Amino acid sequence: NGTVRWRYPFRSRERYSVNAASPLVIGDRVFLTASYGTGSALLQVDGREVWRNQALGAHWSTPIHVDGYVYGFDGRHDHEATLRCVRLSDGEGMWSKKGYERGSMIRADGRFILLSEDGRLALADLSPKEGREISSARVLSAHCWAPPALSRGLLYVVSHDHATDKGTLLCVNVSASQKR
């Protein structure tokens, strides 16, 4: 009937901030994250707070939950950004890794495909113990804010050059059956 059941204030105190990452609904809990000093929080679906801290503050990309852990990019500015793993049950940061700037990611066949803001595409194994890069290549040179998209063995990545106001769409064949 559209009745509001509860509210949970979750926003930076800074005027020019955003809550761009989508909430993650995980069973009977909701995970929230935002940059600009906001951090992250885990709520019960009835609105009760389980925990809230600064372990992960995603600027725009939605983190990924796998088996009780959340993986995402933390940081407002590219020079301070890190890739992080947070334990969902208590918000404990498991590890943090520099070298990716801000970015976005998807998960396919048990691995993570990372796209940093500066156009670096990486294949990685992420676990609660570590983040291990398998391979990487710079595929674009302008702002990459949209997450990669994967369909039928084709990986699509997009960038936007603010100086020229032009975008680039790149398609990479990542299928095991690609012809050489």
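Note on the cores, a small sheet and a pocket

1. Phe31 belongs to strand S2, which covers residues 29-34. The structure discussed here is a predicted model. Phe31 has a relative accessible area of 1%. Because the limit for a buried residue is under 20%, Phe31 counts as buried.

2. What surrounds Phe31, leaving aside its neighbours within four places in sequence? Its contacts on the N-terminal side in numbering are Pro23, Leu24 and Ile26. The other residues in contact with Phe31 are Ser40, Ala41, Leu42, Trp51, Leu56, Pro63, Val70 and Leu88.

3. The largest nonpolar core has 15 residues. Those that touch the most other members are Tyr71, Leu83, Met105, Phe112, Leu114 and Leu126. Two or more residues of this core come from each of strand S5 (64-66), strand S6 (69-74), strand S7 (82-87), strand S10 (111-116) and strand S11 (120-126).

4. Phe31 is not part of that set: a second, separate core of ten residues includes Phe31, together with Leu24, Ile26 and Val70. Leu24, Ile26 and Val70 are also among the contacts of Phe31.

5. Phe112 is a useful residue to look at in the largest core. Not counting residues up to four places away in sequence, Phe112 touches Ile64, Val66 and Tyr71, then Met105, Ile106 and Arg107, and also Ala122, Leu123, Ala124 and Leu126. One of these, Ala124, lies 93 residues from Phe31 in sequence, and the C-alpha atoms of Ala124 and Phe31 are 23 Å apart.

6. Strands S13, S14 and S15 make up an open sheet, in that order and with antiparallel pairing. Which strands stand at the edges? They are S13 (149-151) and S15 (166-173); each has a single partner strand, so one side of each has no neighbour in the sheet. On average, neighbouring strands here are turned by 25° against each other, direction ignored.

7. The pairing of S13 with strand S14 (residues 154-161) is antiparallel and consists of three bridges. Within this part of the sheet, Ala149 is opposite Tyr156 in S14.

8. The last point is the largest pocket, which holds about 310 Å³ of space. Its lining has 14 residues, and those nearest the centre are Ile113, Ala122, Leu123, Leu155 and Val174. At least two lining residues come from each of S10, S11 and strand S12 (131-138). S10 and S11 are also among the strands that give two or more residues to the largest core. Ala122 and Leu123, listed here for the pocket, are both touched by Phe112.

Definitions and conventions: Residues numbered from 1 in each chain as written. Predicted model: local features only at pLDDT ≥ 70, side-chain atom pairs only at ≥ 80, totals over all residues. Heavy atoms only, no water. Core = buried A, V, L, I, M, F, W, Y, C linked by side-chain atoms within 4.5 Å. Buried < 20%, exposed > 50% of the residue type's maximum accessible area, 1.4 Å probe, protein only. Helix = DSSP H or I, 4+ residues; strand = E, 2+ residues; numbered from the N terminus. Contact = heavy atoms within 4.5 Å. Pairing = 2+ DSSP bridges. Axes fitted to C-alpha atoms, helices over the stretch in contact; angles between N-to-C directions. 1 Å grid on protein atoms, 1.4 Å probe; cavity = no way out; pocket = protein on both sides within 12 Å on 5 of 7 lines; lining within 4 Å. Points joined across faces, edges and corners; volume = space filled by probe spheres on them.
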